[in-house]
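Good morning, everyone, and thank you for making time for this. Please have a look at the sequence and the structure, and then I will walk you through some of what can be read from them.

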Amino acid sequence: MIERYTRPEMGRIWSDENRFRTWLQVEIAACKAWNELGVIPDDALRDIEAKADFNIERIHELEATLDHETIAFLTCVKEYVGENARYIHMGLTSSDKLDTATALQLLESHDLIAEDLEKLVEIVADQAEEHKNTVCIGRSHGVHAEPTTFGLKLLIFLEELRRHQDRLDDLRPRIAVGKFSGPVGTFSNIDPRVEEIACRHLGIQPAAATNQIVQRDRHAEFLNVLALIGSTLEKMATEIRGLQRTEIREVQEPFPPGQKGSSSMPHKKNPNLCERISGLARVLRANALVGMENVTLWHERDISHSSAERIVLTDSAILADYLLDRMTYIMRDMLVNKERMRQNIDMTGGLVFSQKVLITLIQSELSREDAYEIVQRCAMKVWDEGGTLLETVWADPKVQEKLDRKVLEACFNLDTVLEHVDYIYDRVKP
């Protein structure tokens with residue numbers, strides 16, 4: 001992932017330094033297991049633990065000739081350890097080290113993303129409570145529908161983000177697995193107890209059944225959960241982008257002093273961050289597709305997945321961390337224009353209360369068909385000629401025959417929007 005979208009801690013997790021350090025951690029865990037089983041002497045294990053190290057430049061130099069990263073790594077480590085390096089990687093195949101180390105990186109990434117998500121949930125919950133009664137217009141098909149509250153919009157985001165927290169919790173044990181079962185996973189050259197002991201040292205569980213690799217549905221699920229999180233963040237960003245349009249101007253992403261919106265138009269305040277989130281969420285979804293393609297491999301293993309995983313696992317983890325951080329900033333510091341929200345509700349002359357008028361006419365013993373015809377005809381007149389729905393409907397003789405004007409006026413009471421907000425909030429408990 002390019003540096004522009006890489007935050008330091010997540011970047012560290014997927015750095016070459018940490019990747020090789022994790023490989024070494026896995027190899028030493030296997031040595032500890034062999035030691036507990038009496039195969040590696042105590043002094044040899046102490047020697048390995050004290051000396052085992054690597055040099056990234058040396059690994060790359062060796063790989064240029066060997067064309068095999070694992071052998072280059074092990075050769076480099078041997079140069080540090082010396083004679084006792086013969087015990088390192090004993091009975092293992094490359095995927096034992098690679099897949100187990102990847103699990104540890106995925107776990108670190110998972111836990112950091114879970115922290116990011118928790119921060120965002122807290123901010124959205126606070127904002128949902130703050131704007132519980134901030135009335136604004138609801139839209140369907142982009143057209144004014146009925147009034148709602150800005151808090152309810154945020155409450156919907158909150159519920160969705162909490163579902164992602166559940167998904168992350170469910171996912172964790174399925175990625176927290178390792179394997180030390182050798183080529184094709186049959187333990188042909190390794191004691192099965194090595195796997196149990198080594199995984200215990202690493203704080204993970206052995207994958208119950210493997211061939212030469214840990215099965216890639218686990219990685220695909222990780223990528224898909226991140227893609228779902230990204231889709232929700234894009235959904236949130238798109239709502240803010242829409243509400244920031246000049247014609248609407250109800251909400252605006254942060255625009256701190258000194259920021260510039262356009263190289264040519266000094267007046268511009270563009271929703272740059274929200275648009276960036278929308279664009280990068282597409283990368284998360286594309287990477288999730290690669291993860292699902294990687295599930296299918298030839299027989300006990302091929303390596304068609306590994307080259308793609310170097311990109312998609314790294315980039316998706318880094319992007320998810322970045323996007324969650326940016327959305328947290330947007331949610332915390334966004335500008336909410338309550339006055340503009342009220343102006344937008346009023347701009348259609350009460351058309352947004354048409355359903356309330358319709359129901360009131362039906363309750364006055366008009367048929368639904370007659371009531372709908374009256375309200376629609378009056379609404380279309382207001383659309384085309386201006387005025388208010390209240391006065392246009394009241395001018396209809398059938399309405400005056402059936403209703404008292406005060407009953408009709410009550411249909412346009414904005415406070416009725418808030419009657420059941422508490423009920424919804426009680427179900428979500430922000």
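Let me begin with arginine 172, which is partly exposed, with a relative accessible area of 32%; here buried means under 20% relative accessible area, exposed means over 50%, and partly exposed is in between, using a 1.4 Å probe and protein chains only. Before I go on, please keep in mind that this is a predicted model, in which local features need pLDDT of at least 70 and side-chain atom pairs count only at pLDDT 80 or more, whereas totals for chains, interfaces and linings use all residues. Residues are numbered from 1 along each chain as its sequence is written, and side-chain values use heavy atoms, with hydrogens and water left out.

Which residue is the salt-bridge partner of arginine 172? The partner is aspartate 111, and the closest N and O atoms of the pair are 2.9 Å apart, where a salt bridge is a side-chain nitrogen of Lys or Arg within 4 Å of a carboxyl oxygen of Asp or Glu. Aspartate 111 sits in helix H6 (residues 94-130) and arginine 172 in helix H7 (residues 150-175), so this bridge ties together parts that are 61 residues apart in sequence. Aspartate 111 is also partly exposed, at 29% relative accessible area. As for the element names, helices (H or I, at least four residues) and strands (E, at least two) are DSSP runs, numbered from the N terminus.

Helix H7 takes part in another such link. The side chains of lysine 235 and glutamate 160 meet in a salt bridge of 2.6 Å, N to O, which joins helix H9 (residues 217-244), holding lysine 235, to helix H7, holding glutamate 160, across 75 residues of sequence. Is each of these two buried or partly exposed? Lysine 235 is partly exposed at 37%, while glutamate 160 is buried at 14%.

From helix H9 we can step onward, since arginine 285 and glutamate 234 also form a salt bridge, with 2.9 Å from N to O, and this pair connects arginine 285 in helix H10 (residues 272-293) with glutamate 234 in helix H9, 51 residues apart. Arginine 285 is partly exposed, at 33%, whereas glutamate 234, at 15%, counts as buried.

These are individual examples, and the structure holds 35 salt bridges. Some are joined up: Arg7, Asp116, Asp321, Asp325 and Arg326 are linked in a network of salt bridges. Aspartate 116, a member of this network, belongs to helix H6 and is buried, with a relative accessible area of 5%. Leaving aside its neighbours within four places in sequence, aspartate 116 is in contact (heavy atoms within 4.5 Å) with Arg7, Asp321, Leu324 and Thr328.

Helix H6 also holds valine 121, which is buried at 6%. Not counting residues up to four places away in sequence, valine 121 touches Leu158, Leu161, Arg162 and Gln165. Its C-alpha atom is separated by 9.9 Å from that of methionine 331, although the two residues are 210 residues apart along the chain.

Now for the backbone in the loops. Histidine 141 has a positive phi of about 60° although it is not a glycine; it is found in the loop between strand S1 (135-140) and strand S2 (143-149), and at 83% relative accessibility it counts as exposed. Phenylalanine 187 likewise has a positive phi, near 60°, and lies in the loop between strand S3 (177-178) and helix H8 (192-202), but at 25% phenylalanine 187 counts as partly exposed.

Finally, let me step back to the whole chain, which has 18 helices and six strands. Its C-alpha trace spans about 100 × 50 × 35 Å along the principal axes. The radius of gyration is 30 Å, where a compact globule of 430 residues would have a value near 22 Å; the radius is taken over C-alpha atoms, and the globule rule is 2.2 Å times the number of residues to the power 0.38. Buried residues make up 51% of the 430. Among contacts with a separation of 6 or more, 76% come from residues 24 or more positions apart.
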